[in-house]
Structure formats: C-alpha cells, structure tokens
Amino acid sequence: MEEIRAQLTEQMKCLDQQCELRVQLLQDLQDFFRKKAEIEMDYSRNLEKLAERFLAKTRSTKDQQFK
C-alpha cells in the first residue's frame, strides 16, 4: 500500500510539473501573439497612411490637370 502511495505521489509531481510547463508555454505563446498583433496593427496603420498620401497626391495631380 505504501509503495502505491509513493508511486501515485511521484506521478502527481510529474503531472504538476507538466502542467506548469504547459502553462508557461501558453503564456509565452500569448505574449508572442500579442506582440505580433501590435506589429501588424502598426504595419496596417502605416500602409493606410501611405495609401492616403498617395491618393491625396493623385487627387491633387488630377485637380491640376482639370483646371
């Protein structure tokens, strides 16, 4: 009986350790995807600004052509 208890205790320790490692992995993945999302958001804002400048430039060129 004591041997089974020791074996179960050891298995429980292993499961706890695996659980902690997986929680840490999930936290690392969460941080990664949060930072990736921030980078993609900055990228999309910069693309939008670039497109707006380009459109403003082409509009002013068209306006000058029609005058």
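Here is a short walk through the structure above, which is a predicted model.

Let us begin with helix H1, which covers residues 2–66. Glutamate 3 has its place in this helix. With a relative accessible area of 68%, glutamate 3 is exposed. To get a feeling for distances, take glutamate 3 together with glutamine 30: they are 27 residues apart in sequence, and from C-alpha to C-alpha they are 41 Å apart in space.

Now look at phenylalanine 33, which also lies in helix H1. Its relative accessibility is 49%, so phenylalanine 33 counts as partly exposed, because the exposed class takes in values over 50%. Phenylalanine 33 has company on the surface: Leu25, Leu26, Leu29, Phe32 and Phe33 form a nonpolar patch there. Together these residues have about 520 Å² of accessible area.

Next come two cysteines. Cysteine 14 is partly exposed, at 36% relative accessibility, and cysteine 19 is likewise partly exposed, at 46%. Why do cysteine 14 and cysteine 19 not form a bond with each other? A disulfide is a covalent bond between the sulfur atoms of two cysteines. To count as one, the two sulfur atoms have to be within 2.5 Å. For the sulfur of cysteine 14, the closest cysteine sulfur is that of cysteine 19, 13 Å away, and therefore too far for a bond. Seen from the other side, the sulfur of cysteine 19 has its closest cysteine sulfur in cysteine 14, again at 13 Å. By this rule, the count of disulfides comes to 0.

Definitions and conventions:
Residues numbered from 1 in each chain as written. Predicted model: local features only at pLDDT ≥ 70, side-chain atom pairs only at ≥ 80, totals over all residues. Heavy atoms only, no water. Buried < 20%, exposed > 50% of the residue type's maximum accessible area, 1.4 Å probe, protein only. Patch = residues over 30% accessible without salt bridge, like charges linked within 9 Å, V, L, I, M, F, W, Y side chains within 5 Å. Areas by Shrake-Rupley, 256 points an atom, 1.4 Å probe, with all protein chains shown as cover. Salt bridge = Lys/Arg side-chain N within 4 Å of Asp/Glu carboxyl O. Helix = DSSP H or I, 4+ residues; strand = E, 2+ residues; numbered from the N terminus.
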